[in-house]
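Here is a protein chain to walk through together. Have a look at the sequence and the fold, and then we can go through them step by step.

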Amino acid sequence: MRYSETYLQKNDYMLLIGYASSDNGNVLIKKGDSDTVFGVAIPRSISFRNKYKPLLDSFLAALFFISLILIYIILN
């Protein structure tokens, strides 16, 4: 989980996972009754993470196995 704070300005484009409604022109954002997930994020940061996270995971897995092979070679 990651938490961050930001200042929302009028007409900011945000990704909402949860529930939003309107009460006489006032926007209400709340967690749904049956939903256990709630989140608000900047779509730009989510698309960046979705794009590069698999690449980072592959790199770390390859680095781990290369390290194991090098340790095996050094110890023998």
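Which side chain meets that of Lys53 in a salt bridge? Keep in mind as you look that this is a predicted model. The partner is Asp57, with 2.9 Å from N to O. As a general point, side chains of opposite charge can pair when their charged atoms come close. The structure holds 1 salt bridge, so the pair you have just found is the one to look for, with Lys53 and Asp57 being 4 residues apart in helix 1 and therefore separated by about one helical turn. How covered are these two side chains? Lys53 has a relative accessibility of 33%, and because values between 20% and 50% fall in the middle class, Lys53 counts as partly exposed. Asp57 is also partly exposed, at 37%.

Let us step back to the whole chain. Its secondary structure comes to 1 helix and 4 strands, and reading along the sequence gives the pattern β-β-β-β-α. In other words, the strands come before the helix in the sequence. Of the 76 residues, 3% count as buried. The accessible surface comes to about 7500 Å², and carbon and sulfur atoms contribute 61% of that area. As for how the chain meets itself, take the contacts with a separation of 6 or more: 35% of them are between residues 24 or more positions apart.

Now return to the helix that holds the salt bridge. Helix 1 covers residues 43-75, which is 33 residues. At 1.5 Å a residue, a helix of this length should span 48 Å, and the end C-alpha atoms are indeed 48 Å apart, so the two values agree. There is still a bend to find along the way: helix 1 bends by about 35° at Tyr52. A proline, Pro54, follows Tyr52 within four residues.

Next, turn to the strands. Strand 2 (residues 19-23) and strand 3 (residues 26-30) run antiparallel and are joined by 5 bridges. You can trace the pairing residue by residue: Ala20 stands opposite Ile29, and Ser21 stands opposite Leu28. In a regular strand, side chains alternate between the two faces of the sheet.

What does the hairpin of strand 2 and strand 3 have between its strands? There are 2 residues there, and Asn24 is placed in this loop. Its backbone deserves a second look. Most residues other than glycine have a negative phi. Asn24, however, has a positive phi, near 55°, without being a glycine. Asn24 is also exposed, because its relative accessibility of 78% is over the 50% cut-off.

Just before strand 2 comes Gly18, which sits in the loop between strand 1 (15-17) and strand 2. Gly18 is partly exposed, with a relative accessibility of 36%. Although Gly18 and Ile29 are 11 residues apart in sequence, their C-alpha atoms are 7.8 Å apart in space. Ile29 is the residue you met opposite Ala20.

Finally, where does helix 1 touch residues from elsewhere in the chain? Ile46, a residue of helix 1, offers one example. Leaving aside residues up to four places away in sequence, Ile46 touches Leu15 and Ala41. Ile46 and Leu15 are 31 residues apart along the chain, and their C-alpha atoms are separated by 9.0 Å. Ile46 has a relative accessibility of 27%, so it counts as partly exposed.

Note on methods:
Residues numbered from 1 in each chain as written. Predicted model: local features only at pLDDT ≥ 70, side-chain atom pairs only at ≥ 80, totals over all residues. Heavy atoms only, no water. Buried < 20%, exposed > 50% of the residue type's maximum accessible area, 1.4 Å probe, protein only. Contact = heavy atoms within 4.5 Å. Areas by Shrake-Rupley, 256 points an atom, 1.4 Å probe, with all protein chains shown as cover. Pairing = 2+ DSSP bridges. Expected span 1.5 Å × (residues − 1). Bend = angle between axes of the 7 residues up to and from the residue. Salt bridge = Lys/Arg side-chain N within 4 Å of Asp/Glu carboxyl O.
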